Each structure stands twice: as structure tokens, then as C-alpha cells.
Amino acid sequence: MTENSATSSSWPAWTVPLAAAVVAVAVWLVGAASGVNLEAQLGADVQAVSVVAAAVAALAAGLAGWGVRVLIGRLVRGGGEVVWFVLCAVVLLASMVGAFAGTTPGAVVVLVSMHVAVGAVVALGLRTVGRGATSGSVLA
């Protein structure tokens, strides 16, 4: 059976969390190079968003997404691609609460950009993971 490039990824699923972390770091670096002070308001406290925090959060999101995608692929008939994208949209919208906590307009723009970029990498990178998981490797 052959698959076209529109429905199959040539990258293994384990690379998606790593790619998400790289994208988060790239957006963080662009923001920092632009002179944006990346801080978020958490209640009464202001917390700096470090490059390490951005990378770890993106890596965690990618790993969690991978696990959820495999489950959806196994539980939903046809692979659950629509379910996956709807869930990704809901999670992205929920994550915007944190992104809009930036202390300056520039910080909000960078944080929103980071959330959207990482979300896109995870959603698109894992769109086909879990299909036919009973006959193939989860790591493929």
C-alpha cells in the first residue's frame, strides 16, 4: 500500500516534540532579539519566560500531544484526524489565557506567536500518528 505525502509524514512521531521545542526557542530568540522583555503576569507576581521554560513547555506539549494522538488513533474509527484537529484547536484556545498574560503588548505578541507556532507543529506533525496502531509501530 502506498501513501501520498499529503496523508503521511516522512518524519517519525518522536521528532515532533523536538521540533516543537526548536520552534519555541526560535520564536523566543526572535522576540528577545527584538528587545521584547518576555514576562507574564501570574496573579500578583510577574514571571520571566526564559528560553529554557519555553523549550520545556513546548517539549511537554509535544509529548502529551503524541500520547493523546495515539489514543485517538486507536479509539476513533478512521484514525480520528478530525477529532485530533478539533482537540488541538480547543487546547490552543485554552493556552491563549497564558499567552495573553504578557506584561507588554510586545510580550503578548511573542507569546501568542509562540503558542500558535508550537500548536501548528504539534497538530500538523502528529496528524497521522496512531492510524493502524494495531499493525504498526507507535514510534513510526
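Which residues does Ala20 touch, once those up to four places away in sequence are set aside? Keep in mind that we're looking at a predicted model here. The contacts are Ala58, Val118, Val121 and Val122. Ala20 itself sits in helix α1, and with a relative accessible area of 0% it counts as buried, because the cut-off for that label is under 20%. There's also a link across the sequence to look at: Ala20 and Met114 lie 94 residues apart along the chain, yet their C-alpha atoms are 9.7 Å apart in space.

Met114 is a good way into the core. The largest nonpolar core has 28 residues, and Met114 is one of the four that touch the most other members, together with Leu38, Trp84 and Leu126. Four helices each put in at least two residues: α1 (15–33), α2 (51–75), α3 and α4 (105–125). Of these, α4 gives the most, with seven residues.

Now pick Leu38 from that group of four. Leaving out residues up to four places away in sequence, Leu38 touches Trp28 on one side of it in the numbering, and then Gln47, Ala48, Val49, Ala107, Val110 and Leu111.

Last, let's move out to the surface. Val68, Leu87 and Val91 make a nonpolar patch of about 210 Å² there. Leu87 belongs to helix α3, which covers residues 81–99. So is Leu87 buried or exposed? Neither label fits: its relative accessible area is 33%, so Leu87 is partly exposed, the class between under 20% and over 50%. That value is also over the 30% that a residue needs to join a patch.

How values were computed
Residues numbered from 1 in each chain as written. Predicted model: local features only at pLDDT ≥ 70, side-chain atom pairs only at ≥ 80, totals over all residues. Heavy atoms only, no water. Patch = residues over 30% accessible without salt bridge, like charges linked within 9 Å, V, L, I, M, F, W, Y side chains within 5 Å. Areas by Shrake-Rupley, 256 points an atom, 1.4 Å probe, with all protein chains shown as cover. Salt bridge = Lys/Arg side-chain N within 4 Å of Asp/Glu carboxyl O. Buried < 20%, exposed > 50% of the residue type's maximum accessible area, 1.4 Å probe, protein only. Core = buried A, V, L, I, M, F, W, Y, C linked by side-chain atoms within 4.5 Å. Contact = heavy atoms within 4.5 Å.
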